[in-house]
Amino acid sequence: MAKRAGKAVTLTDVARRAGASTAVVSYVMNNGPRPVAPETRERVLAAAAELNYRPNRIARALRSHTTGVMGLVLADASNPFFGSLARHVEEALGERDKLTLIGNAGFSADRQEHVVERFLAAQVDGLIIVSADGGPDVAAQAEAAGVPAVYVHNQPESARSPVVAADNDAAVHDALAHLRSHGHTQAAFLTGSHDVGPVGRRRHAWEGAVAGTDARLLRCDYTRAAAAELTQRLTAQDAMPPAVVTATDEQAIGVLAGADAAGLSVPDQLALISLDGTPDSAYTAPALTVTEQPLRAMAERAVRLLIDDAPRSPEPHAAASLVVRRSCGCSG
């Protein structure tokens with residue numbers, strides 16, 4: 001709250017300046033519960049502006065039993081994919097006049113559980129969770145405390161709370177179909193050392209699509225460095241596949257770096273498509289062809305589930321869009 005002459009500006013100060021009751025000022029600041037005449041509303045808002053008054057969020061929470069604050073738990077805040085998703089969630093919540101608190105699980109199930117407990121202690125009104133793998137159903141933990149929660153992108157296998165996700169199967173099939181249009185019938189798939197959740201579903205979709213062929217499954221950590229090292233090693237062994245679909249943009253960017261270091265031309269000697277579509281993918285050399293995850297649509301759906309009490313029955317997953325650039329062999 002603002003201060004004037006060493007004191008915090010109060011609702012009473014605004015009422016005195018506007019020539020109105022504190023109840024009327026409260027109705028204006030809280031948009032109800034009773035209507036206020038337009039002339040009076042303008043007078044109150046002008047007085048608040050002159051005094052630099054800011055409503056006390058804590059006091060409002062005590063009166064309304066809500067805080068106007070939502071918690072967002074990220075699997076890994078350092079990953080650009082999750083950073084992009086967080087921006088869309090924060091924007092969607094901001095459009096509903098909600099403040100977003102962000103917690104980072106750092107791909108740790110224990111840390112994720114701790115972050116959720118801290119958010120519940122802070123009395124958030126709801127939780128949006130981009131789940132780390134292998135942990136308990138923290139959405140159920142929140143709902144048991146009376147706080148609604150929804151998963152985005154990923155959820156534990158045992159979870160019963162709703163999840164808002166992209167259609168990973170369709171994304172894989174679109175990527176493979178596009179590579180086939182360039183003559184690549186046995187595109188390899190690069191995944192992580194452990195692939196569960198969305199990445200695991202992408203791998204399963206690839207395995208079904210290439211069954212009966214000699215297409216190769218490649219593995220490395222979900223880092224640019226690991227993908228770069230793998231690409232250089234396979235190129236040195238003359239074992240690098242001519243076409244690769246990567247599970248993540250981080251790996252795809254690493255493949256590009258490794259190919260450049262090894263003198264392997266992309267896309268002339270290696271066609272590449274990634275399955276995330278983060279903003280970074282448009283600025284690589286060459287620019288990455290991607291299946292772009294519908295992060296904005298996913299964020300808006302999650303917010304509707306929390307705030308609008310939208311039906312929680314399963315919905316079709318949102319479609320990813322194939323964004324054609326140069327890494328696949330197209331002119332861009």
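The questions and answers below go through the cavity, the pocket, three helix packings and some backbone features of a predicted model.

In this predicted model, local features need pLDDT of at least 70 and side-chain atom pairs count only at pLDDT 80 or more, whereas totals for chains, interfaces and linings use all residues. Residues are numbered from 1 along each chain as its sequence is written, and side-chain values use heavy atoms, with hydrogens and water left out.

Q: What makes the space lined by L190, L218, A227, L230, T231, L234, M240, V244 and V255 a cavity?
A: On a 1 Å grid over the protein atoms alone, a cavity is a set of points where a 1.4 Å probe fits but cannot get out, and lining residues have an atom within 4 Å of a point. A search of the whole structure finds one cavity of 30 Å³ or more, and the largest cavity has a volume of about 40 Å³, a volume being the space filled by probe spheres set on grid points joined across faces, edges and corners. Helix α10 (residues 224-236) gives the largest share of this lining, four residues.

Q: How many residues of each class line the largest cavity?
A: The lining has eight nonpolar, one polar and no charged residues, where Ala, Val, Leu, Ile, Met, Phe, Trp, Tyr, Cys and Pro count as nonpolar, Asp, Glu, Lys and Arg as charged, and the others, Gly among them, as polar.

Q: What is counted as the largest pocket, and which residues lie nearest its centre?
A: A pocket is an open set of points with protein on both sides within 12 Å along at least five of seven lines. The largest pocket holds about 490 Å³ of space and is lined by 24 residues, of which F82, F107, D133, V199 and Y222 lie nearest its centre. Its lining has 11 nonpolar, seven polar and six charged residues.

Q: Why is the packing of α1 and α3 called oblique?
A: Helix α1 (residues 11-18) and helix α3 (residues 38-51) pack at an angle of about 120°, with their axes 8 Å apart. Angles under 35 degrees count as roughly parallel, over 145 as roughly antiparallel, 65 to 115 as roughly perpendicular and the rest as oblique, so α1 is oblique to α3.

Q: Why are α2 and α3 called roughly perpendicular?
A: The axes of helix α2 (residues 22-29) and α3 come within 10 Å and cross at roughly 85°, and α2 and α3 are therefore roughly perpendicular to each other. In this packing V24, V25, V28 and M29 of α2 meet T40, R41, V44, L45 and A48 of α3, contact meaning heavy atoms within 4.5 Å.

Q: Why are α10 and α11 called oblique?
A: The angle between α10 and helix α11 (residues 249-262) is about 40°, and their axes are 7 Å apart; α10 and α11 are therefore oblique to each other.

Q: What makes N52 notable in its backbone?
A: Most residues other than glycine have a negative phi, and most peptide bonds are trans. Phi of N52, however, is near 60°, a positive value in a residue other than glycine, and N52 is found in the loop between α3 and α4 (57-64).

Q: Which peptide bonds are cis, one ending at P267 and one at P286?
A: A cis peptide bond joins V266 and P267, with omega about 15°, and the peptide bond from A285 to P286 is cis, with omega near -5°. P267 is found in the loop between α11 and β11 (271-274).

Note on methods:
Helix = DSSP H or I, 4+ residues; strand = E, 2+ residues; numbered from the N terminus. Axes fitted to C-alpha atoms, helices over the stretch in contact; angles between N-to-C directions.
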